[in-house]
Each structure stands twice: as structure tokens, then as C-alpha cells.
Amino acid sequence: MVSRQILLISGPSGSGKSSLLSKLFAEFKDKLYFSISSTTRAARQGEKDGVNYHFISQEQFQADINAGLFLEWANVHGNLYGTSLRPVTHALNEGKVVVFDIDVQGYFLAKKQYPKEITAVFISTKNSSILASRLENRGSESNESIKTRLENAKNEMKYIKDYDHIIVNDDLEAAYESLRAIFISMHSKCANFEIEEFCQNWNN
């Protein structure tokens, strides 16, 4: 009776999206499917098909592009990367909640593809200074990279109003409880029910 559901997460690099999703999957992994990108490049040592990427042939990738089976795709240094709708559709048909960790541009593409299914959550830090500090503490980002990521974050923040929820991740446990509550509430969201079918069954 409950229709297909997608939990879409966006937010700047350093906002804590991965940590929050790790906790959600640890608690609800049997109910969730994480959308994994597809690519035509060969798997690297240690990578597994269906875990790191869906590794497919150039011919299959191009055929799926022609059939409109990619949410988005790009050619990166001669290899094709993209979000295939095949595994997403399969997971939705199995009754899984599909999770997208995707940027703002990807969100608007996904919203066009799945206008009713998506519950969109934007993850943010309390302010830009905290975000900058987190990026610096990683120890893996150059000053130029941090500057670029902060500029990207400022642009992303302009679109918060287009999301259903915002979570300010200044305390991981509190932020997770908010995400957990949103996930649980999705199961009673009217947009995610076949309301006409429900009402017909109720009247009978």
C-alpha cells in the first residue's frame, strides 16, 4: 500500500552526511538501498561490483543513456560515470527506501524524475567557520581545495528552501535523531501512500 520512497541527502562536503548515513544504515540496513554510481572504467584493486560502483560495459552504458535510464551522467577522462535508474527502480520495486547522497544540481534532476517519491534533507553546519574548521582538520585538503569547497557550500546554501528538511549537524547524536525521525516519518507521509487505494479498501 505504501508507494515507492526516496530519502535524498544533500549538503556541503564536511557537513557530516557520511557519518549520519552510516548510522542510519547500521540501524535500518535491511530497509535501505544506497544509490551507487555506475561506471565503464575497470574496477581497481579492492573494489567490488555493487559496493563501490556498478561496473558495466561502454555498450551497456551507452544503450542505457539512449533509453533514458540515467538520472545523470558524465564523461570523466574517457570513462563514463552516472546514476543508473536500473538498480534504483529494482530497489524501489522491492520496497526498499532508496538513499541518494547527491548535490543540489542532482537533487533538481532527481526531483523531476521522482516528483512524489522524494523526501529531501539538507545537512549543514551551524556556520561557515565550523565547516572551514572541519575541512582543515581533515588534513587532506589544500588551502585552494578548502576555498573551492567553501565557495561551493555558499552556493548550495541558497537552495535550502527547496528542501523538505534541514538538519544542523553541530552534535552528531542529536543530528542523527533528527534524521532518524525523518526516516521513520516517511512511512506515514500521505504523499507516499496510495491514498485512493487506501480509501477504497477502508470503505469496503
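This report looks at two helices, H2 and H5, in a predicted model.

## Helix H2: the buried side

Let's start with H2, which spans residues 58–66 and has Phe 61, Asp 64 and Ile 65 as buried residues. Around the helix axis these residues cover an arc of only 105°, so they sit on the same side of H2.

Several elements meet that side. The buried residues of H2 pack against helix H3 (85–93) and three strands: S3 (38–39), S5 (70–76) and S6 (79–84).

## Helix H2: the other side and the end

Turn the helix around and you will find Glu 59 and Asn 66, both exposed. Just after H2 comes Gly 68, with a positive phi of about 70°.

## Helix H5: the buried face

Further along the chain, H5 covers residues 128–138, and Leu 131, Ala 132 and Leu 135 are buried in it. Looking down the axis of H5, the buried residues fall within an arc of 100°, and therefore line one face of the helix. Helix H6 (143–157) is among the parts of the structure that cover them.

On the face of H5 turned away from this buried side, the exposed residues are Ser 129, Glu 136 and Asn 137.

## Helix H5: the two ends

Both ends of H5 are worth a look in the viewer. At its start, Asn 127 places a side-chain oxygen within 3.1 Å of the backbone nitrogen of Ser 129; Ser 129 is also one of the exposed residues on the face away from the buried side. After H5 comes Gly 139, where phi is positive, near 75°.

Notes: Residues numbered from 1 in each chain as written. Predicted model: local features only at pLDDT ≥ 70, side-chain atom pairs only at ≥ 80, totals over all residues. Heavy atoms only, no water. Buried < 20%, exposed > 50% of the residue type's maximum accessible area, 1.4 Å probe, protein only. Helix = DSSP H or I, 4+ residues; strand = E, 2+ residues; numbered from the N terminus. Arc of directions from axis to C-beta. Contact = heavy atoms within 4.5 Å. Polar contact = N/O pair within 3.5 Å; in protein donor to acceptor, adjacent residues only side chain to side chain.
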